[in-house]
Amino acid sequence: MLSCPCQHLPLYQQHRHRNRHGNFTAAVHQHQNSENPLTTTSAGDHDSVLRTHNSISTSLLQQHLKLPNQLQNNTLPHLEAIPAEEKVKFLEMSLITKKRLPRFPGAVSLQFTTENDIASPLKTLFRDENDSQKVDDLDEEMVMRALKIRRKVTAEIFKQAMAKGKFGITYSTNLTDRLGEFIDYVMIEAAALKKIPEFEVSSFNVRARTVIDDLKVVPLIRWLKHNHLSYNKIAKLICMSRGNLGSIRRVAEWLKSIHVKGDFVGAVLVKAGENILERSQEELEAIVEYLESNGVRRDWMGYVMSRCPQLLSCTMKEVKIRVAFFLDMGLNEKDFGTMIFEYPRVLGYFTLEEMNQKVNYLKEFGLSDEEVGRLLAFKPQLMSCSIEERWKPLIQYFYYLGISRDGIRRMLFIKPMVFCVDLEKTIVPKVRFFQDIGIHDGAIGNMLAKFPPLLTYSLYKKIRPVVIFLMTKAGVAEKDIGKVIALAPELLGCSIVHKLEVNVKYFLSLGIRLQQLGQMIADFPMLLRYNTELLRPKYLYLRRNMIRPLQDLIDFPRYLSYSLEERIIPRHKVLVENQVNLKLRYMLACTDEEFGQKVESAVERRQRYKATLVRGAPISSPLADDFEQDNTSFSLLATNTDPSDALGSEDFESL
């Protein structure tokens, strides 16, 4: 066992040990000689060459031992015997041997290059002109590969700097992955430091750390994160700065000075555009002062800039043009300031060409410049609507429903928000619902033109519940519900709890049955919209002073819509003075001239009746019947009868 020193070694080490002592068989030598064309030794002296791929170095060693004088004279007869072509082949083979690629800490497997991955410099000596393009592509590929490796190294250095700043691994990785442009900037600056004598002999890692420390990017990231900025916004800002990181803090502090809240600072910096970091504080302050001089209050600036950061990227000339666009339409400073506060994007988000197109389209409905200005001041959100996608389909649909151009103009003035809602999702379902409850298309058009806010109500939270309440709690029949909604679409905007239910309970408390109330609503739907505090005095006057039965109110519910002081009481006094009586419908639903004519005709009938009595005409004549019917209530007034006797004890107590 002691005679075999390689017995306890591993198999591959035993193979190496045998190679060192020349214990190869002749077959192995022949195989190696056939594979390696550079081996020029003969079969007789193969024992002196231990390894074929080291044959030349071994021959040099033998020549050095045998001929020391020749080495001193720099004469190598063995090398001179090697042909030039074989020298080139040998050098090329030495260059394409497998080499280890750069590895990063934590790599799992070793990777080696292949012959195709290495560009041999010797190929440039023998290349043809046709191969120049291939060589250029190969050189570019090598450069890109080197840049990729250097970029990864720079990213790892930046992560190490973040780790020293006590940032988590996940946060640092997510932020670094979004800082591609900044990593390239650090890499370029680190390469440029090599020209400085101080860093001439420094490694790339040292130079990259120096650049990161000089930029103070880690403290800036900490400050931005403290101001509620996500790592996505932080990465965008750092890339936008193009190395001028101090501008980020400068602009952010200025935004806070104009009352921009911390949650919106990052959004303003990101959405305002890249040139905001390049603008001076004087330029930004000039924009704010100009808006303030035109009605936008200073304490509104934070809200305005938060909702429309694009204003900060506009030049002063462009801001003046945009402000003049609205002021030329007749807006004063107060209206302009409130408009900008309500919808800041109207000033800086849309292009001037787009704004002019929308104003001209609104003028096609007969609106003047001043009317368009008032319309935009009331609802500036109109500027956010597209003409082709929103307005034109909506106008065509209104024409289909029978709404005229004047009706559309009225809708613009009363509820311009209608032109901002979606046609298919909001308006069409409501129109179909109105058709389902029995309203004709023409009536729907008139109803929408009469009450445009109807199209802004929720179908399932507002319109349907009111319709169900009218049919179940107010006694409106199914055949009359379409008529009620068509005549009084304002009912759909009333609160069920605070308005409709209160009025229904009041009328039921007067002794009106539910079916009678439903018929009253069908005859006069606006009955449920009046305030009960205004209805109560009119009802008391009807029952106590006019001494009329409840049935008169059921037959003519419109009585409650007339003014008590201006119409009901004055006309009732005229009837009392002339000792005539008219139904409520003929008494109130006419002009003053028509009412006077009716009173005169009633007085003439009474006089003719009296004349017939003097002449001996029978009392049962039609003239007498009409006279008695018209004067049923005046006997009570003439005898000063207590009103409780005429009303009945139950009716009087209900008052």
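**Exercise 1. Contacts along the chain**

Determine what share of the contacts in the protein with a separation of 6 or more comes from residues 24 or more positions apart.

*Solution.* In this predicted model, begin with the contacts whose partners have a separation of 6 or more, and then select those between residues 24 or more positions apart, which account for 66% of that set. As background for the next exercises, the protein holds 39 helices and zero strands.

**Exercise 2. Burial and surface**

Find what percentage of the residues counts as buried, and which atoms supply 52% of the exposed area.

*Solution.* A residue is taken as buried when its relative accessible area is under 20%, and 38% of the 655 residues meet that condition. Turning to the surface, the protein exposes about 37900 Å², and carbon and sulfur atoms supply 52% of this area.

**Exercise 3. Helices H9 and H13**

Classify the packing of H9 against H13 by angle and handedness, and describe the residues in the contact.

*Solution.* First, locate the two elements: H9 covers residues 169–177 and H13 covers residues 231–241, and their axes come within 9 Å while crossing at roughly 40 degrees. Second, angles under 35 degrees would count as roughly parallel and those from 65 to 115 as roughly perpendicular, so H9 and H13 are oblique to each other. Third, their crossing is right-handed. The contact is formed by Tyr171, Asn174 and Leu175 on the H9 side and by Tyr231, Ile234 and Ala235 on the H13 side, and these residues divide into five nonpolar, one polar and no charged.

**Exercise 4. Helices H27 and H29**

Carry out the corresponding analysis for H27 and H29, giving orientation, handedness and contact residues.

*Solution.* Helix H27 (residues 459–472) packs with helix H29 (residues 496–509) at an angle of about 15 degrees, and the axes are 12 Å apart. Because angles under 35 degrees count as roughly parallel, H27 and H29 are roughly parallel to each other. H27 passes H29 in a right-handed crossing. In the contact, Pro465, Val466 and Phe469 of H27 meet Ile496, Leu500, Glu501 and Val504 of H29, a group that divides into six nonpolar, no polar and one charged.

**Exercise 5. Valine 206**

Place valine 206 in its helix, assign its exposure class, and state how far its C-alpha atom lies from that of alanine 190.

*Solution.* Valine 206 belongs to helix H11, which spans residues 204–215. Its relative accessibility is 35%, and therefore valine 206 counts as partly exposed. Finally, although valine 206 and alanine 190 are 16 residues apart along the chain, their C-alpha atoms are separated by 8.5 Å.

Conventions. Residues numbered from 1 in each chain as written. Predicted model: local features only at pLDDT ≥ 70, side-chain atom pairs only at ≥ 80, totals over all residues. Heavy atoms only, no water. Axes fitted to C-alpha atoms, helices over the stretch in contact; angles between N-to-C directions. Helix = DSSP H or I, 4+ residues; strand = E, 2+ residues; numbered from the N terminus. Parallel < 35°, antiparallel > 145°, perpendicular 65-115°, else oblique. Left-handed = near helix turned anticlockwise from the far one by under 90°. Contact = heavy atoms within 4.5 Å. Nonpolar A, V, L, I, M, F, W, Y, C, P; charged D, E, K, R; others polar. Buried < 20%, exposed > 50% of the residue type's maximum accessible area, 1.4 Å probe, protein only. Areas by Shrake-Rupley, 256 points an atom, 1.4 Å probe, with all protein chains shown as cover.
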